Amino acid sequence: MFFLSVSSSCFAMGSAPSPVIIEAAAPSVSFIRAIGSSGSGDNQFLYPRDVFIGPYSGSSTGMGNIFVIDTGNNRIEVFNSDAAFLFWFGGFGNSQGKLSSPSGIAIDFSQNMYVAEKDNNRIQKFDINGNFLGEFGYFGADPGKMMEPLGIAIDSWGKIFVSDSGNNRIEKFDENGNCLDLIGGFGMSPGYFNLPSDVAIDMEGYIYVADTKNDRVQKMTTNGMPVAVFGRSGGGDGEFHSPAGVAVDDKFIYVSDSGNNRIQIFNRDGVFLAKFGKTGIGQGEFNNPTGISAGQQGRLLVADTNNHRVQEFKVTPHPQEL
């Protein structure tokens with residue numbers, strides 16, 4: 001088990017001068033395992049930037065499989081639910097099915113996999129077994145174009161949201177890659193971003209954006225209306241240093257507080273509940289955690305990027321939250 005904390009910070013629209021302190025029920029967190037090591041072989045990674053827990057099965061995959069964005073090796077590695085290596089696909093390049101600095105991954109209800117490529121400035125679509133299906137996006141600032149896309153998420157209606165970090169916006173696409181909307185732009189006010197690095201979507205349709213250089217997370221509607229802003233620069237509870245990843249389940253928001261080498265847990269309103277992790281190479285310690293994925297029954301995976309591994313945890317709600 002790790003830590004517990006009950007002080008909470010929540011910043012509504014606009015920014016508050018100091019955290020709001022309330023009593024909150026903190027979940028407990030248990031370390032399950034570390035996956036991978038440094039290298040280029042099977043079950044090895046170089047600077048993995050994202051991870052996704054697959055809720056569906058395919059001909060070569062099972063429910064609960066783990067998909068890792070192995071950024072430095074320009075590939076996707078796939079593991080079963082027990083973290084046994086299955087296969088990888090990709091490889092360096094800019095042709096169909098090849099990858100250059102892949103940075104984010106999401107899977108829709110039809111078992112289509114979408115991969116954001118930072119250096120190729122595009123999204124590639126694969127089936128659940130890694131077979132190429134299509135692509136969209138290319139370098140630029142016009143609608144449908146991208147500059148260093150990092151994170152990606154898909155809502156319950158199949159709409160695709162991409163954190164277009166170089167353009168400081170979130171782009172919304174349909175399943176065929178047609179641009180539907182642009183959310184944000186550069187700035188510090190609610191609804192604007194400074195290097196949005198990741199995006200997540202809950203079952204109610206709210207989106208959550210890791211607004212990295214503004215040291216905060218924003219909660220918005222899928223049409224881009226700000227709902228809440230939480231976090232500010234610092235190392236205290238509810239404060240961030242370059243948050244680079246965000247995930248959400250039916251109870252909590254999880255944030256990779258990358259510069260502070262820890263994970264912070266908030267309720268769905270952005271109230272701080274708990275934190276775990278510190279700088280290091282041991283179990284539950286991190287070196288630049290980035291992508292994060294929340295699965296069923298409290299399963300949580302973190303891309304521990306500079307330690308060249310993925311760590312898995314179990315999050316158990318406080319009894320009063322059950």
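**Exercise 1. Decide whether Thr222 is buried or exposed in this predicted model, and describe its surroundings.**

Solution. Begin with the accessibility: Thr222 has a relative accessibility of 17%, and a residue is called buried when that value is under 20%, so Thr222 counts as buried. Next, place the residue in the chain, where Thr222 lies in the loop between strand E18 (216-220) and strand E19 (226-230). Finally, list its contacts, leaving aside residues up to four places away in sequence: Thr222 touches Phe161, Lys172, Ile183, Gly205 and Ile207.

**Exercise 2. Work out the strand order of the open sheet that contains E14 and E15, and state which strands form its edges.**

Solution. The sheet is built from four strands in the order E12-E13-E14-E15, with antiparallel pairing. Its edges are E12 and strand E15 (179-184), each of which pairs on one side only. On average, and with direction ignored, neighbouring strands of this sheet are turned by 20 degrees against each other. For one pair in detail, strand E14 (residues 169-173) runs antiparallel to E15, and the two are joined over five bridges. Within E15, Ile183 is the residue that stands opposite Ile170, and Ile183 is also one of the residues that Thr222 touches.

**Exercise 3. Identify the residues of the largest nonpolar core that touch the most other members, and trace which strands supply this core.**

Solution. The core has 25 residues, and those touching the most other members are Phe67, Ile76, Ile105, Met113, Val115, Ile123 and Ile160. Strands that each supply at least two residues include strand E5 (66-70), strand E6 (75-79), strand E9 (112-117) and strand E13 (160-164). The largest share, four residues, comes from E9. To see the packing around one member, take Ile76, which, not counting residues up to four places away in sequence, touches Phe67, Val68, Ile69, Phe87, Trp88, Phe89, Leu99, Ile105 and Val115. A second core of 17 residues is separate from this one, and Val29, Phe31, Phe252 and Phe313 are among its members. As background, nonpolar side chains in soluble globular proteins tend to be buried together.

**Exercise 4. State how many helices and strands the protein has, and what percentage of its residues count as buried.**

Solution. The count of secondary structure gives zero helices and 26 strands. Of the 322 residues, 59% count as buried. Turning to the surface, the protein exposes about 12,300 Å², of which carbon and sulfur atoms supply 50%. As for contacts with a separation of 6 or more, 48% are between residues 24 or more positions apart.

Key: Residues numbered from 1 in each chain as written. Predicted model: local features only at pLDDT ≥ 70, side-chain atom pairs only at ≥ 80, totals over all residues. Heavy atoms only, no water. Core = buried A, V, L, I, M, F, W, Y, C linked by side-chain atoms within 4.5 Å. Buried < 20%, exposed > 50% of the residue type's maximum accessible area, 1.4 Å probe, protein only. Contact = heavy atoms within 4.5 Å. Areas by Shrake-Rupley, 256 points an atom, 1.4 Å probe, with all protein chains shown as cover. Pairing = 2+ DSSP bridges. Axes fitted to C-alpha atoms, helices over the stretch in contact; angles between N-to-C directions.
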